[in-house]
Amino acid sequence: MDIGTKIKRLRLKNGLTQEELGKRTDLSKGFISQLERNMNSPSIETFFTLLEVLGTTPKEFFADEHDVKVVYSTADHTAHIDEEAGYKVEWLIPTSNEKEMEPVFLTFQENGHFKEFEPSSAETFIYVLEGQVLLQIGDHRYVAAVGDSIYFEASDHHQLINDFEGISELIIVTTQSYL
């Protein structure tokens with residue numbers, strides 16, 4: 001196992017420089033550099049401190065990366081249906097609420113609408129597969145039809161409404177879990 005490369009990958013994933021990781025673990029930038037190039041090895045205590053700062057556990061660190069699930073089938077989806085509001089939302093990845101992105105498949109019935117969301121720091125991408133939707137962001141209204149994409153920062157109140165006499169289907173990806 002290439003411990004140095006895994007530590008470097010985790011450091012970069014956490015957006016840390018070698019110097020920042022060193023400060024958080026009371027190690028020098030030079031030690032971190034040598035560690036990442038497999039030129040030295042940390043003590044057990046130092047290793048556990050590094051893992052804690054990098055947000056992982058020894059079990060996760062040593063897990064075989066080939067065991068990580070990459071492909072998800074429809075059997076992995078979870079769904080919620082709100083008949084009164086006229087929509088069905090399917091979470092496409094079962095652990096998406098633990099990830100940076102949350103992809104969902106949203107189906108609107110005729111006259112369906114999704115709840116109004118509060119402002120947040122999320123970014124949202126929507127692709128219209130079928131039908132047409134109205135996106136209300138604050139006082140602004142946007143309409144998107146089949147094949148159109150929507151991208152916005154959720155810094156104002158916002159809501160999606162089916163703007164079609166029939167079913168509308170969307171793929172939505174948000175950068176934080178708020179669906």
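Student: Which residues in H3 do Gln18, Glu19, Leu21, Gly22 and Thr25 in H2 meet?

Tutor: This is a predicted model, in which local features need pLDDT of at least 70, side-chain atom pairs count only at pLDDT 80 or more, and totals for chains, interfaces and linings use all residues. Residues are numbered from 1 along each chain as its sequence is written, while side-chain values use heavy atoms and leave out hydrogens and water. Helices (H or I, at least four residues) and strands (E, at least two) are DSSP runs numbered from the N terminus, and contact means heavy atoms within 4.5 Å. The named residues of H2 meet, in H3, Lys29, Ile32, Ser33 and Glu36.

Student: How many residues of each class has the contact of H2 with H3?

Tutor: Ala, Val, Leu, Ile, Met, Phe, Trp, Tyr, Cys and Pro count as nonpolar, Asp, Glu, Lys and Arg as charged, and the others, Gly among them, as polar. By that scheme, the contact of H2 with H3 has two nonpolar, four polar and three charged residues.

Student: Are H2 and H3 roughly parallel or roughly perpendicular to each other?

Tutor: Axes are lines fitted to C-alpha atoms, for helices over the stretch in contact, with angles from 0 to 180 degrees between N-to-C directions. The axes of H2 (residues 18–25) and H3 (residues 29–36) come within 8 Å and cross at roughly 110 degrees. Angles under 35 degrees count as roughly parallel, over 145 as roughly antiparallel, 65 to 115 as roughly perpendicular and the rest as oblique. H2 and H3 are therefore roughly perpendicular.

Student: Which residues of H4 make the contact with Leu21, Arg24 and Thr25 of H2?

Tutor: The axes of H2 and H4 (residues 44–53) come within 10 Å and cross at roughly 115 degrees. The H4 side of this contact is made by Thr49, Leu50 and Val53.

Student: How many residues between S1 and S2 does their hairpin have?

Tutor: Two strands pair if DSSP finds at least two bridges between them. S1 (residues 78–82) and S2 (residues 87–91) run antiparallel and are joined by five bridges, with Asp82 the bridge partner of Tyr87. In the turn, Gly86 has a positive phi of about 80 degrees. The number of residues between S1 and S2 is four.

Student: Which residue in S3 stands opposite Tyr87?

Tutor: S2 also pairs with S3 (residues 102–108), in the antiparallel sense and over five bridges. Opposite Tyr87 in S3 stands Phe108.

Student: Along S9, which side chains point to the face where they are buried?

Tutor: In a regular strand the side chains alternate between the two faces of the sheet. S9 (residues 168–174) follows such an alternation, with Glu169, Ile171 and Val173 pointing to one face and not buried. Buried means under 20% relative accessible area, exposed over 50%, partly exposed in between (1.4 Å probe, protein chains only). Pointing to the other face and buried are Ser168, Leu170, Ile172 and Thr174.

Student: In S9, which residue is the bridge partner of Tyr127?

Tutor: S9 pairs with S3 in the antiparallel sense over seven bridges, and Glu102 stands opposite Thr174 there. S4 (residues 123–130) also pairs with S9 in the antiparallel sense, over six bridges. The bridge partner of Tyr127 is Ile171.

Student: In what order do three strands form an open sheet?

Tutor: Six bridges join S5 (residues 132–137) to S6 in an antiparallel run, with Ile137 opposite His140. The pairing in this sheet is antiparallel, and the order is S6-S5-S8.
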